[in-house]
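Here are a few short exercises to work through with the model open beside you. Try each task before reading its solution.

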Amino acid sequence: MLFRSISQTAFNIAGITYKPCYAVTKKHIVNTSDNNAVAIALIINELIFNAIKHTPDEQVNDIQINIISLINDAVVEIRNPCLALPDNFDFNDGTGLGTGLTLIRSLLPKHGAKILFKQSKTNIVCHFILTPPILETHNENSNSSKRKSA
């Protein structure tokens, strides 16, 4: 359970209460490809620490991690209370990014992964969307897989 382990470890290191929410819409297991497992782990870790860094201290326990496993993809959603993204922020163009998001952008696989940021009045929401070929899904009853479990 790669996503869960990384999330829980990051929160433990930061001394924050870990309150995950998992949503699975079918009995499918999502696995990451061996070739991309390290990059995916580093990206998730950096997204979590970035959320912690940019959340006011008194609201840091309000950060939420949601892992949504669909039939052929998975979404790691990170919600953190934050004032605002920089005015010139554009993840896709690489503008307004700090060191962490620049690193994430360089690690992001070209196919099968994308990151979207949305801002509301009280939250920044990051969606890290993973699809094949980064992921392989199979039925819960299937025992065959050559990939790392999410």
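## Exercise 1: The nonpolar core

In this predicted model, the largest nonpolar core is made up of 32 residues, and those with the most contacts inside it are Leu-47, Ile-48, Ile-78, Phe-91, Ile-115 and Phe-128.

**Task.** Find which elements give two or more residues to this core, and which one gives the largest share.

**Solution.**
- Start with the helices: helix 1 (2-14), helix 2 and helix 3 each give two or more residues.
- Then turn to the strands, where strand 3 (64-69), strand 4 (74-81), strand 5 (113-119) and strand 6 (123-130) do so too.
- Finally, look for the largest share: helix 2 supplies it, with eight residues.

To see one core residue at work, select Ile-48. Leaving out residues up to four places away in sequence, Ile-48 touches Ile-6, Ser-7, Ala-10, Phe-11, Ile-65 and Ile-78.

## Exercise 2: Two helices that meet

**Task.** Work out how helix 2 and helix 3 are oriented to each other, parallel or antiparallel, and which residues make the contact.

**Solution.**
- Begin with the geometry: the axes of helix 2 (residues 37-53) and helix 3 (residues 99-107) come within 10 Å and cross at roughly 160°.
- Angles over 145 degrees count as roughly antiparallel, and therefore helix 2 and helix 3 are roughly antiparallel to each other.
- Next comes the handedness, which for the crossing of helix 2 and helix 3 is left-handed.
- Now list the contact: helix 2 brings Ala-39, Leu-42, Ile-43, Glu-46, Leu-47 and Asn-50, while helix 3 brings Gly-100, Leu-101, Ile-104 and Leu-107.
- Sorted by class, the contact of helix 2 with helix 3 has seven nonpolar residues, two polar and one charged.

## Exercise 3: Two residues to place

**Task.** Decide whether Arg-4 and Leu-116 are buried, partly exposed or exposed, and describe where each is found.

**Solution.**
- Recall the cut-offs: buried means under 20% relative accessible area and exposed means over 50%, with partly exposed in between.
- Arg-4 lies in helix 1, and because its relative accessibility is 30%, Arg-4 counts as partly exposed.
- Along the chain, Arg-4 and Val-76 are 72 residues apart, yet their C-alpha atoms are 10.0 Å apart in space.
- Leu-116 sits in strand 5, and its relative accessible area of 33% makes Leu-116 partly exposed.
- Leu-116 and Phe-128 are 12 residues apart along the chain, with 6.7 Å between their C-alpha atoms.
- Setting aside neighbours within four places in sequence, Leu-116 is in contact with Val-125, Cys-126, His-127 and Ile-129.

Definitions and conventions:
Residues numbered from 1 in each chain as written. Predicted model: local features only at pLDDT ≥ 70, side-chain atom pairs only at ≥ 80, totals over all residues. Heavy atoms only, no water. Axes fitted to C-alpha atoms, helices over the stretch in contact; angles between N-to-C directions. Helix = DSSP H or I, 4+ residues; strand = E, 2+ residues; numbered from the N terminus. Parallel < 35°, antiparallel > 145°, perpendicular 65-115°, else oblique. Left-handed = near helix turned anticlockwise from the far one by under 90°. Contact = heavy atoms within 4.5 Å. Nonpolar A, V, L, I, M, F, W, Y, C, P; charged D, E, K, R; others polar. Core = buried A, V, L, I, M, F, W, Y, C linked by side-chain atoms within 4.5 Å. Buried < 20%, exposed > 50% of the residue type's maximum accessible area, 1.4 Å probe, protein only.
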